[in-house]
Amino acid sequence: MTGRAAFLSRPLTALIVIVVAVLLDQAVKIAVEAYLPMREAVPLLPVLALYRTYNLGVAFSLLSGMEREFIVGMRIVIVAFVLWLWRRTPKERPFAHAGFALIIAGAIGNLIDGFVYGHVIDYILFHTATWSFAVFNLADSFITIGAGLVILDELFGPRSDLPKQGRDDG
């Protein structure tokens, strides 16, 4: 397929989506910092609450015991690697390109938090009476949805980049 590049396969479009997503993430975090009480659940639904806390690790508090410089460096490497993947992925892979753009946006959003605050601001809590999921934020959601899109693309996307199979050499 040599047609026009898919929406998020175009660099300018992807950059605009990334910038808008990062700005939205940061605007929500500024509002959370200004108006949401620390470690006090504000119920929205029976299984969903706003709950401000700080994350010293990466998504969902993973690696929270590591040094800040390591976490920041790791985020920079992840952004660079995903950008490299985005550039190497054929333009006919729109789900992968959308996923990479969301992963980059989420990583940059949390990277900004690390530089500005020294931690990531988390505020979304899914829970039941006996269980709760790790508190997370919009940037983490971008990363998760992006990874899901990349996986969907790998499972169901075009396979034109695979070598021909089933050749009989014998």
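These are short notes on a sheet, a helix and one residue in a predicted model.

1. The sheet. Three strands make up an open sheet. Their order is β1-β2-β3, and the pairing is antiparallel. The edges belong to β1 (42-45) and β3 (120-126). Each of these has a single partner strand, so one side of each is left without a neighbour in the sheet. From one strand to the next, the twist averages 35 degrees.

2. The β1 and β2 pairing. Strand β2 covers residues 48-55 and runs antiparallel to β1. Three bridges join the two strands. L45 has L48, in β2, as its bridge partner.

3. Helix α4, length. This helix takes in residues 138-156, 19 residues in total. From first C-alpha to last, α4 reaches 26 Å. That is close to the 27 Å expected at 1.5 Å a residue.

4. Helix α4, start. N137 caps the N-terminal end of α4. A side-chain oxygen of N137 lies 2.9 Å from the backbone nitrogen of A139.

5. Helix α4, burial. A139 is also among the buried residues of α4. The others are D140, S141, F142, G146, L149, V150 and D153. Which elements cover these buried residues? The cover includes α1 (11-35), α3 (94-117) and the strand β3. So β3, which stands at an edge of the sheet, is also part of the cover over α4.

6. Residue F81. F81 sits in helix α2, residues 68-88. Is F81 buried or exposed? F81 is partly exposed, because its relative accessible area is 46%, between the 20% and 50% cut-offs. I104 is 23 residues from F81 along the chain, and their C-alpha atoms are separated by 9.5 Å.

Notes: Residues numbered from 1 in each chain as written. Predicted model: local features only at pLDDT ≥ 70, side-chain atom pairs only at ≥ 80, totals over all residues. Heavy atoms only, no water. Helix = DSSP H or I, 4+ residues; strand = E, 2+ residues; numbered from the N terminus. Buried < 20%, exposed > 50% of the residue type's maximum accessible area, 1.4 Å probe, protein only. Pairing = 2+ DSSP bridges. Axes fitted to C-alpha atoms, helices over the stretch in contact; angles between N-to-C directions. Expected span 1.5 Å × (residues − 1). Contact = heavy atoms within 4.5 Å. Polar contact = N/O pair within 3.5 Å; in protein donor to acceptor, adjacent residues only side chain to side chain.
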